[in-house]
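Subject: Model for you to look over

Hello,

Here is the model we talked about passing on. Please open it alongside these notes.

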Amino acid sequence: MTTKTELSPTARESKNAQDMQVDEVLIPRKVPSLCSARYGIALVLHLCNFTTIAQNVIMNITMVAMVNSTSPQSQFNGSSEGLPLDSFGDLSKAPKSLSAKCSVIGGQFAIWEKWGPPHERSRLCSIALSGMLLGCFSAILIGGFISETLGWPFVFYIFGGVGCVCCLLWFIVIYDDPISYPWISTSEKEYIISSLKQQVRSSQQPLPIKAVLRSLPIWSICLGCFSHQWLVSTMIVYIPTYISSVYHVNIRDNGLLSALPFIVAWVIGIVGGYLADFLLTKNFRLITVRKIATILGNLPASALIVSLPYLNSSYITATALLTLSCALSTLCQSGIYINVLDIAPRHSSFLMGASRGFSSMAPVIVPTVSGFLLSQDPEFGWRNVFFLLFAVNLSGLIFYLIFGEADVQDWAKERKLTRL
C-alpha cells in the first residue's frame, strides 16, 4: 500500500521555480534587437555587400574616363567631360559582372546558420543582402560626380577606403558562433542557442552530391533564382533602353533617375524581411511565407513590365513603373533566396553559391536573346522581349510553387556512421 506524500510549501515553491526554469529553456526569451550582436553582424554584412557591389558598379562608371585619360591621343585628365553620353550606356552591362560576383555572398549563409534564429532569418538576411542595392544606388548617384569633379582615381580611393574599413570590421566583429563571441550578452546568447536547438546540427560531413542533384527542392530554388535574375537583368538593362527609344529620354543621363529604383528597392527589401518574420509570428507555415514572398517578388514586377508597351503615357509613368518593379522584385530576398537555409542549413553556404552561379547564366543569355528579338521584329520586338520575360519568370515561379519546400531534407540531416 502506497501513500501520497504532501510537499511542504517550501518544497512546492522550489519545484515551481525549477519548472519555470525549464520552461524558460524550452521557450526562447525575446531579447532586444537593436544594439544586439546578431543585428550588428547583419549591419557589417550590409556594409560588406555595399562595398562589393559598389566597386563592381564604379568599374563600369569609370571605364570610359579611364580609357579617355590614358589614351595616347588625349592629355591626362580624370574627367569624362566631352565624351558622348551614349558611352555611358555601357553601365547597363553592369548586371553581368554583378551577377557573376554575387556568388560570393554564399559564404554569408554559413554565418546565419549559427547566428540567425529561425523567426528572424528573413529580416537578418534582408538587412544583409540589401547592402547590394544601397551600393548600386550610391555608386550610380555619386560615382560619376566624383569622376568628373575630382578625377576617376578618387572614385577608387573613396570606395576602396570604405572597403578597407568594412574588411577591418569583418575581422573584428564577425565570429563563427555566439558561444565564441566576446561582446554578446548572456540573454542574447541563450536566446540564439535555444532558438536553434530544434535545428539539425552536426559535425562536418561531406556534401551528398547525388542526393543534391536529385533534390527537386534544390532545383526549384535554382530555376526560381534563374527566372528572377532574368527579370532583374531585363529590368535593369533593357527598360532604360526602352524608355530612351520610345520616349526619347535617356534616364541614364540623370543620375538621380538612374539610382532611384535602387534606393526604393533598398527600403522595400528590408521592410519585406520584417513582414515575412511578422507572418511567422502569426502561425503562418514557413514554406507559405517563402512562397508568398517569392510570388510578390515575381508576378507584380513582371506584369508591370509587360504592361509598358500598352501604356501611351509620359516617360515619367514608365520610370515610375520601372521603380515599382525594381522595388517589388526585392521581396524575393525573404523568399526563394534564403530558402536554402531552411532545407539544408549545414550546406547553405555551398548551395547558395551554387544557386547564384546557376542563376548568373540569365544575365548572359538575356542580352543575346533580347537583341535577336529586337533585330528580327522592330515593331513588336519590345512586346516579344517582355512577354518572353513574363513566360520565363512564370515558369520558374510555378516550378518553385510546386516543388519548393521548407523542411530540412533527409540528405541534409546528420548521418551516423557505423563500423562493422
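Residues 124–146 are 96% helix and 0% strand. Their end C-alpha atoms are 32 Å apart. Residues 350–373 are 92% helix and 0% strand, with end C-alpha atoms 36 Å apart. UniProt, in an unreviewed entry, gives both spans as "transmembrane region". The other spans with that feature are 152–175, 259–280, 292–310, 316–338 and 385–403. UniProt positions follow the numbering used here, feature names are shortened, and annotations may be inferred rather than shown by experiment.

This is a predicted model: local features need pLDDT of at least 70, side-chain atom pairs count only at pLDDT 80 or more, and totals for chains, interfaces and linings use all residues. Residues are numbered from 1 along each chain as its sequence is written, and side-chain values use heavy atoms, with hydrogens and water left out.

The whole chain

The protein chain has 18 helices and 0 strands. Both are DSSP runs numbered from the N terminus (helices H or I, at least four residues; strands E, at least two). Of its 420 residues, 49% count as buried. Buried means under 20% relative accessible area, exposed over 50%, partly exposed in between (1.4 Å probe, protein chains only). Accessible surface comes to about 20900 Å², and 65% of that belongs to carbon and sulfur atoms. Those areas come from the Shrake-Rupley method with a 1.4 Å probe; for residues, only the protein chains shown count as cover. Take contacts (heavy atoms within 4.5 Å) between residues at least 6 apart in sequence: 84% join residues at least 24 apart.

Helix α5

Helix α5 covers residues 121–129, and 9 of its 9 residues are buried. Among them are Arg121 and Arg123.

Helix α10

Three residues of this helix deserve a look. His228 sits in α10, residues 216–237. Is His228 buried or exposed? His228 is buried, because its relative accessibility is 5%. Its side chain makes a polar contact of 2.8 Å with the side chain of Tyr337. A polar contact is a pair of N or O atoms within 3.5 Å; within protein, one must be able to donate a hydrogen and the other to accept it, and residues adjacent in sequence count only if both atoms are side-chain atoms. Leaving out residues up to four places away in sequence, His228 touches Gly297, Asn298, Ser329, Cys332, Tyr337 and Asn393.

Cys222 is also in α10. Cys222 is buried, at 10% relative accessible area. Ser355 is 133 residues away along the chain, yet the two C-alpha atoms are separated by 4.8 Å. With the same sequence neighbours left out, Cys222 touches Ser355 and Phe358.

Ser233 belongs to α10 too. Ser233 is buried, at 3%. Its side chain reaches the backbone oxygen of Gln229 at 2.8 Å. Beyond four places in sequence, Ser233 touches Tyr238, Ala362, Pro363 and Val366.

Helices α11 and α14

The axes of α11 (residues 239–247) and α14 (residues 315–329) come within 10 Å and cross at roughly 170 degrees. So α11 is roughly antiparallel to α14. Axes are lines fitted to C-alpha atoms, for helices over the stretch in contact, with angles from 0 to 180 degrees between N-to-C directions. Roughly antiparallel means over 145 degrees. Ile239, Ile243 and Tyr247 in α11 meet Tyr315, Ala318, Thr319 and Leu322 in α14.

Glu188

Glu188 lies in α8, residues 186–195. Glu188 is buried at 4%. Its side chain joins that of Arg38 in a polar contact of 3.0 Å.

Best wishes

Technical notes. Parallel < 35°, antiparallel > 145°, perpendicular 65-115°, else oblique.
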